[in-house]
Amino acid sequence: MTLTTRPRGTNDVGPGDIELWHKLEEKIRQVCAAYGYSELRTPMFEHTELFQRGIGEATDIVEKEMYTFVDRGERSLTLRPEGTAPAVRAYLENNLGAGALPVKLYYYGPMFRYERPQAGRYRQFTQFGLEVLGSSDPLLDVEAILLPLELYKACGLSGFQVEINSIGCPKCRPSYRQELVEYFEPHVDRLCSSCRSRLHRNPLRLLDCKVESCQEVLAGAPQIGRHLCPECSAHFAQVLAYLDALGVDYKLNHRLVRGFDYYTKTVFEVTSAELGAQNAIGAGGRYDGLVEELGGKPTPAVGFAVGVERLLLALQGQDKFQAEPAAPHVYLVHFGGESKLRAAQVAYFLRGQGLWAELDYLERSIKAQMKAANRLGSRYVAIFGEEELGRNSIVLRNMRDGQEQEINLQDLEQLAKILGECGK
Ligand code: HAM
């Protein structure tokens with residue numbers, strides 16, 4: 001059973017699905033190039049401490065969701081649950097800040113979290129993320145939102161909603177935390193066990209609890225707005241002004257706090273109406289203290305990450321993002337023996353020219369080979385008949401209009417030219 005079953009919360013992506021992934025990955029590269037981002041590839045696992053320090057000890061991810069193991073050298077390592085802490089680690093380790101600022105990086109790849117799997121929530125999932133380091137310009141907060149929106153639009157997605165909030169900085173947060181604790185304490189009996197355990201350690205996290213009894217308490221909870229220091233207030237006002245000037249639709253959400261300790265000032269989330277409970281198709285925020293927390297000099301930064309599986313689910317729901325299944329340029333129909341040998345030679349030549357040449361490996365009848373060519377959607381069929389081979393030629397049939405022509409095998413360049421043009 002376990003030999004043929006993949007681990008819970010993981011997915012296989014194979015023929016029929018992978019074409020859409022490739023198309024999306026191409027779009028990601030295009031959008032990132034237009035915004036001036038370079039790709040960063042970091043290891044799949046990091047020292048556990050990076051996430052404990054970076055994400056924060058009192059977060060769901062660090063408390064309950066990390067895939068942590070001890071390797072044979074007795075080191076504690078963790079499969080990366082997210083890409084921001086690794087990007088900052090790589091930024092520092094490779095001294096990426098030594099050149100022109102800001103540094104704009106993007107990454108794409110699997111992340112791992114031990115969560116309860118359901119539609120849109122997996123234990124291995126793919127993120128496309130971006131991080132920009134070295135500037136506190138509010139325009140960069142806005143660009144970190146615009147880039148993923150550009151991607152959603154380039155894929156044809158509609159019906160998504162941007163939600164935004166400011167959670168302040170270490171200067172303004174303590175008084176808000178204090179007010180929150182004072183507000184929640186008299187209601188402690190109505191809070192869920194996880195909120196109760198976090199009340200004093202991380203009271204902001206209570207704001208996005210989804211448990212019904214907590215929701216009732218939350219309705220009257222104080223908002224951070226009036227606790228923001230002048231710098232955070234001005235920053236947030238500027239972010240909103242840029243969003244307005246650029247015509248970006250957004251909703252203020254005072255309860256948006258996000259599940260990572262590294263955030264400062266702006267936080268945002270994009271949700272899709274196509275999805276159920278797991279409706280966030282991307283999220284991010286500013287994290288001006290993380291570089292310093294991980295040992296670098298104070299460096300403001302902001303970023304965003306898109307959940308690729310969720311984006312594809314949302315696109316599926318709207319039926320707009322489709323990939324043409326790939327089809328061979330030509331199917332070489334042979335009769336075995338000498339005819340198969342010639343077909344193999346021609347296939348070798350054509351493939352060297354970057355053309356998809358397919359042929360039979362199962363000793364099938366001519367009729368079955370024609371059927372196979374049809375099923376694959378091959379644009380041409382080349383028939384290696386005995387008579388034609390005697391003349392060192394083949395019959396090339398255009399499967400769209402049924403037209404046939406005899407092609408001399410001396411002139412394989414001509415064959416490649418005809419086939420190369422058929423896809424245009
Ligand atoms: P996050 O909100 O944890 O943020 O994840 C970003 C996105 O990844 C989510 O909005 C969702 O689309 C997707 N995602 C998260 N968990 C899962 C899961 N278990 N299954 C499927 N998709 C999932 C971060 O990871 C931050 N590092 C984002 C960031 C970048 N902040 C600043 N820079």
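**Ligand shell, nonpolar cores and local backbone features**

The ligand is surrounded by 27 residues, of which E82, E115, E131, Y263 and A280 are the closest; a residue is counted here if one of its heavy atoms lies within 4 Å of the molecule. The structure is a predicted model, in which local features need pLDDT of at least 70 and side-chain atom pairs count only at pLDDT 80 or more, whereas totals for chains, interfaces and linings use all residues. Residues are numbered from 1 along each chain as its sequence is written, and side-chain values use heavy atoms, with hydrogens and water left out.

By class, the shell around the ligand comprises twelve nonpolar, eight polar and seven charged residues. In this classification Ala, Val, Leu, Ile, Met, Phe, Trp, Tyr, Cys and Pro are nonpolar, Asp, Glu, Lys and Arg are charged, and the others, Gly among them, are polar. Strands β6 (124-133), β10 (280-286) and β11 (301-307) each supply at least two residues of the shell, and the largest share, six residues, comes from β10. Secondary-structure elements are DSSP runs numbered from the N terminus, with helices (H or I) of at least four residues and strands (E) of at least two.

Polar contacts with the ligand (pairs of N or O atoms within 3.5 Å) involve both side-chain and backbone atoms of the protein. A polar side-chain atom of R113 lies 2.9 Å from a ligand oxygen atom. On the backbone, an N or O atom of Y122 is placed 2.9 Å from a nitrogen atom of the ligand, and a polar atom of A280 is 2.8 Å from a ligand oxygen. The ligand taken alone exposes 660 Å², and the protein buries 96% of that area. Accessible areas were computed by the Shrake-Rupley method with a 1.4 Å probe; for residues, only the protein chains shown count as cover.

Q127 belongs to strand β6. This residue counts as buried because its relative accessibility is 10%, where buried means under 20% relative accessible area, exposed means over 50%, and partly exposed lies in between. Beyond its neighbours within four places in sequence, Q127 is in contact (heavy atoms within 4.5 Å) with E82, G83, Y107, Y108, G109, M111, R113, A305, V306 and V308. Of these partners, R113 is also the residue whose side chain has a polar atom 2.9 Å from a ligand oxygen.

In soluble globular proteins, nonpolar side chains tend to be buried together. The largest nonpolar core of the model has 52 residues, and L133 and F184 have the most contacts inside it. Helix α4 (residues 84-93) gives the most to this core, with five residues. A further core, apart from the one just described, has 43 residues, including V142, L151, L243 and V308. A nonpolar core is defined as a set of buried Ala, Val, Leu, Ile, Met, Phe, Trp, Tyr and Cys residues joined through side-chain atoms within 4.5 Å. With residues up to four places away in sequence not counted, L133 touches V88, Y91, L101, P102, V103, L105, Y287, V291, T299, P300 and A301.

Two of the residues touched by L133, namely L101 and P102, are joined by a cis peptide bond, with omega near -5 degrees. P102 is situated in the loop between α4 and β5 (103-112). N95 lies in that loop between α4 and β5 and has a positive phi, near 50 degrees, although it is not a glycine. N95 is exposed, with a relative accessible area of 53%. A positive phi, near 70 degrees, is also found for the non-glycine residue R258, which is placed in the loop between β8 (251-252) and β9 (264-272). R258 counts as buried, at 13% relative accessibility.

Further loop positions were examined. M66, in the loop between α3 (60-65) and β3 (67-70), counts as buried at 15% relative accessibility. Its contacts, leaving aside neighbours within four places in sequence, are T48, F51, Q52, I61, T78 and P81. The C-alpha atoms of M66 and T78 are separated by 6.6 Å, the two residues being twelve apart along the chain. V188, in the loop between α6 (173-184) and α7 (193-198), is partly exposed, with a relative accessible area of 27%. Residues up to four places away being left out, V188 touches R196 and L199. Q410, in the loop between β16 (404-408) and α15 (412-422), is exposed, with a relative accessible area of 66%.

Methods
Buried means under 20% relative accessible area, exposed over 50%, partly exposed in between (1.4 Å probe, protein chains only). A polar contact is a pair of N or O atoms within 3.5 Å; within protein, one must be able to donate a hydrogen and the other to accept it, and residues adjacent in sequence count only if both atoms are side-chain atoms.
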